[in-house]
Amino acid sequence: MPTNLNRISRTMAQLSTFLETDRLTMRPHVLEDYDDSFAMWSNPEVIRFIGGQPFTREEVWARLLRYVGHWTLLGFGYWVVRDKESGRFVGEVGFANFRRQIEPPLDGMPEVGWALTPATHGRGYATEAVRAALRWADAQWPAADTACIIAPENTTSLRVAQKCGYVEWARGSYKGKPTIHLRRTAGPA
């Protein structure tokens, strides 16, 4: 891992990881989130642009462990997003260093990602949650750019990324599928 991410990680590990917006709460995953996470990741509508195959229970378990591992080892990771009023599971948003073998490479930039349950689509939750995550990141990494990769046909996520300040900087592929690489310069979300 690049030295700048090591420094960033140590700093972030010391800071609060609970986030709140007008409509949402966000916190790192706990074991009790597994069933909600599995329900989302096994839904064909959710994974249509993220690999295309519903995730198995084993794959979601590995994903949950990876989320917890990011927070433990790197000081950043993914949050569970819940509706503030009802407590209902909305989805997952956060940052990762997946060490992807991707062209062009992300050059060690933290990679933001999001996935929401279909019942919550179209309500602006993704933009609201990503902006909250970016405010958190900007406080932790005031000079660090972040990246995301999105399938070209995923126009909804491309709109979310653009609303959050991401701009296309390259086109490439990941696991044989085309991707748009977007970058956001650190600053207000």
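## Close-up views of a predicted model

**View 1. W114 and its neighbours.** Leaving aside residues up to four places away in sequence, W114 touches Y78, E92, V93, A126, V130, C148, I150, S157, V160 and A161. Keep in mind, as you look around, that this is a predicted model.

**View 2. The largest nonpolar core.** Here we step back from W114 to the core it belongs to, which has 34 residues. The members that touch the most others are M26, V93, F95 and W114. Helix 5 (residues 125-140) supplies the largest share of this core, with 9 residues. In soluble globular proteins, nonpolar side chains tend to be buried together.

**View 3. A second core.** Separate from the largest core is another one, made of 15 residues. Among its members are F38, Y67, F89 and A96.

**View 4. H70 in helix 4.** You will find H70 in helix 4, which covers residues 57-74. With a relative accessible area of 8%, H70 is buried. Not counting residues up to four places away in sequence, H70 is in contact with G75, F76, G77, F95, A96, N97 and F98. Two of these names may look familiar: F95 appears in the largest core, and A96 in the second.

**View 5. C148 and C164.** Are these two cysteines buried or exposed? Both C148, at 1% relative accessibility, and C164, at 2%, count as buried. Why is there no bond between them? The sulfur of C148 has its closest cysteine sulfur in C164, but at 8.9 Å that is too far for a bond, because a disulfide needs the two sulfur atoms within 2.5 Å. The structure holds 0 disulfides.

How values were computed
Residues numbered from 1 in each chain as written. Predicted model: local features only at pLDDT ≥ 70, side-chain atom pairs only at ≥ 80, totals over all residues. Heavy atoms only, no water. Helix = DSSP H or I, 4+ residues; strand = E, 2+ residues; numbered from the N terminus. Buried < 20%, exposed > 50% of the residue type's maximum accessible area, 1.4 Å probe, protein only. Contact = heavy atoms within 4.5 Å. Core = buried A, V, L, I, M, F, W, Y, C linked by side-chain atoms within 4.5 Å.
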